[in-house]
Amino acid sequence: MSGITGLAGCGGGSGGGTPTGENVGNFPISGETVTFGFNVARSGPFSTTGEEELRGHRLAVKHINEGGGWVSNRYFPRLSGDGLLNKTVEAAVSDTESDPEVARRSAKAMIENDGAIMLSGGATSDTGLAHQAVAAETETIYMATMTHVDRLTGTDCNRWTFRELFNSYMTAKALRPVLVEEYGKDVEFFQVYSDDDWGKAQIQLMERFLSDAGWQPVGSLSAQLGTRDFGQYIDDIDSASEDVLILNLRGLDAANAVRTVRESFPDENVVIPLYTRAVAQTAGGAIEDVIGTIAWDPSIETPLSKQFRSAFSNEYEGGTGSASSSIPSGPAHVAYTQTLQYAHAVARAETFDPEAVIPALEGWEYGAGIGAQTMRACDHQSMRPVPIVRGRPGDQQDFGRYYDLINTTREAAYPCSTGPAANCSLGGN
């Protein structure tokens with residue numbers, strides 16, 4: 001593999017300059033097809049999110065090859081619906097098993113054995129970080145999906161990785177004004193967090209932003225990933241006498257925790273900072289009035305959102321799974337967006353050479369149905385609005401609708417000189 005020159009720093013830059021003409025990752029490509037690698041959780045505790053991502057990935061590939069959806073619209077005009085640079089796009093799919101070590105091995109196999117020119121996936125932060133490391137090792141562009149931890153576009157950032165989803169810092173920043181408006185300024189809060197890097201970082205960010213707003217922390221406790229019995233924490237939660245309980249948990253853990261809390265404290269004010277439809281669906285009526293951020297929601301009424309919702313429903317209606325599987329979720333939306341983002345950058349660069357595709361992605365302004373967005377050059381983090389939702393009562397949940405949109409805020413944006421970006425250096429790897 002070639003050496004890398006012309007590196008971009010956090011102040012922006014070319015991200016690699018002009019194409020080298022040398023081998024980089026799996027470039028150059030021969031033959032009539034090109035392979036995109038989708039490494040998602042198809043088993044393990046985050047398999048629901050992984051399968052939602054995969055539906056978004058596959059729909060994007062179909063539209064690149066056959067047209068439809070966002071292909072050829074004003075944000076993706078260089079995609080014509082007849083493949084990519086005279087090649088048919090094929091998908092290689094692998095299972096991370098919701099485990100970072102498995103994710104690393106399967107990502108490398110997709111690149112080394114399947115010839116993947118790009119990598120996408122990551123239903124959790126730890127699998128996303130594993131993908132990011134493989135991307136640097138193999139000089140392969142990684143389009144992250146549901147990985148949320150700040151490190152990805154902060155201290156651990158690299159020039160091969162791009163993220164559409166907002167990060168933990170943006171979640172806490174977006175929630176602060178909403179929670180203050182909802183519950184007031186003189187509020188005591190207690191936090192439960194997953195005992196991993198994401199959970200430990202998330203609790204600190206929520207405490208930082210809410211303390212700045214005048215809220216008072218009254219305690220916290222950690223829970224091991226995969227905890228089934230959250231009843232063991234009820235006494236601690238009860239003795240804290242908090243006004244608001246914040247559950248910094250993901251997936252099945254978040255669903256189990258909120259159900260347990262509601263059984264003991266039906267009127268508890270609960271916040272789940274990063275929520276997904278899978279969490280809401282599993283928790284059912286327990287998510288009534290629970291506030292949190294989501295990647296995207298079908299209730300967002302914009303032309304691009306409607307177009308994506310219609311295309312997705314037409315593709316998956318009548319398929320296997322629950323009735324709601326034909327209604328797109330946030331993870332499906334992120335996966336679809338990231339796949340088209342990569343393909344459109346290739347079309348603009350007129351080459352699959354990562355040394356040209358990276359600068360084509362950097363600084364690109366686009367739309368994905370939630371307002372204007374920019375894929376920043378300084379840290380490869382999308383600056384985008386953040387949707388905030390409130391859970392519906394159980395008797396109002398039907399056909400994939402579990403929460404109502406409160407707003408889609410731009411208050412989460414931050415400059416390259418602050419937040420996680422201040423610790424990002426897109427140096428050589």
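What radius of gyration does the chain have, and what would a compact globule with 429 residues have? In this predicted model, the chain has a radius of gyration of 21 Å, which agrees with the value near 22 Å expected for a compact globule with 429 residues. The C-alpha trace spans about 65 × 45 × 35 Å along its principal axes.

The secondary structure of the chain consists of 11 helices and 15 strands. Of the contacts between residues at least 6 apart in sequence, 71% join residues at least 24 apart. Buried residues account for 61% of the 429 residues.

The percentages for the chain are collected below.

| Quantity for the chain | Value |
|---|---|
| Buried residues, of the 429 residues | 61% |
| Contacts joining residues at least 24 apart, among those between residues at least 6 apart in sequence | 71% |
| Exposed area supplied by carbon and sulfur atoms | 43% |

The surface and the charges may be described together. The chain exposes about 15300 Å², and carbon and sulfur atoms supply 43% of this area. The chain carries 32 positive and 55 negative charges, and the mean positions of these two sets are 5 Å apart.

One strand illustrates the interior. Strand β1 comprises residues 33–40, and 7 of its 8 residues are buried, so β1 is largely enclosed by the rest of the structure; buried here means under 20% relative accessible area. Strand β1 runs parallel to strand β2 (residues 88–95), to which 8 bridges join it. Within this pairing, phenylalanine 36 has alanine 91 in β2 as its bridge partner.

Terms used: Residues are numbered from 1 along each chain as its sequence is written. This is a predicted model: local features need pLDDT of at least 70, side-chain atom pairs count only at pLDDT 80 or more; totals for chains, interfaces and linings use all residues. Side-chain values use heavy atoms; hydrogens and water are left out. Helices (H or I, at least four residues) and strands (E, at least two) are DSSP runs, numbered from the N terminus. The radius of gyration is taken over C-alpha atoms; the globule rule is 2.2 Å times the number of residues to the power 0.38. Buried means under 20% relative accessible area, exposed over 50%, partly exposed in between (1.4 Å probe, protein chains only). Contact means heavy atoms within 4.5 Å. Accessible areas come from the Shrake-Rupley method with a 1.4 Å probe; for residues, only the protein chains shown count as cover. Lys and Arg count as positive and Asp and Glu as negative; His and the chain ends are not counted. The place of a charge is taken as NZ of Lys, CZ of Arg, CG of Asp or CD of Glu. Two strands pair if DSSP finds at least two bridges between them.
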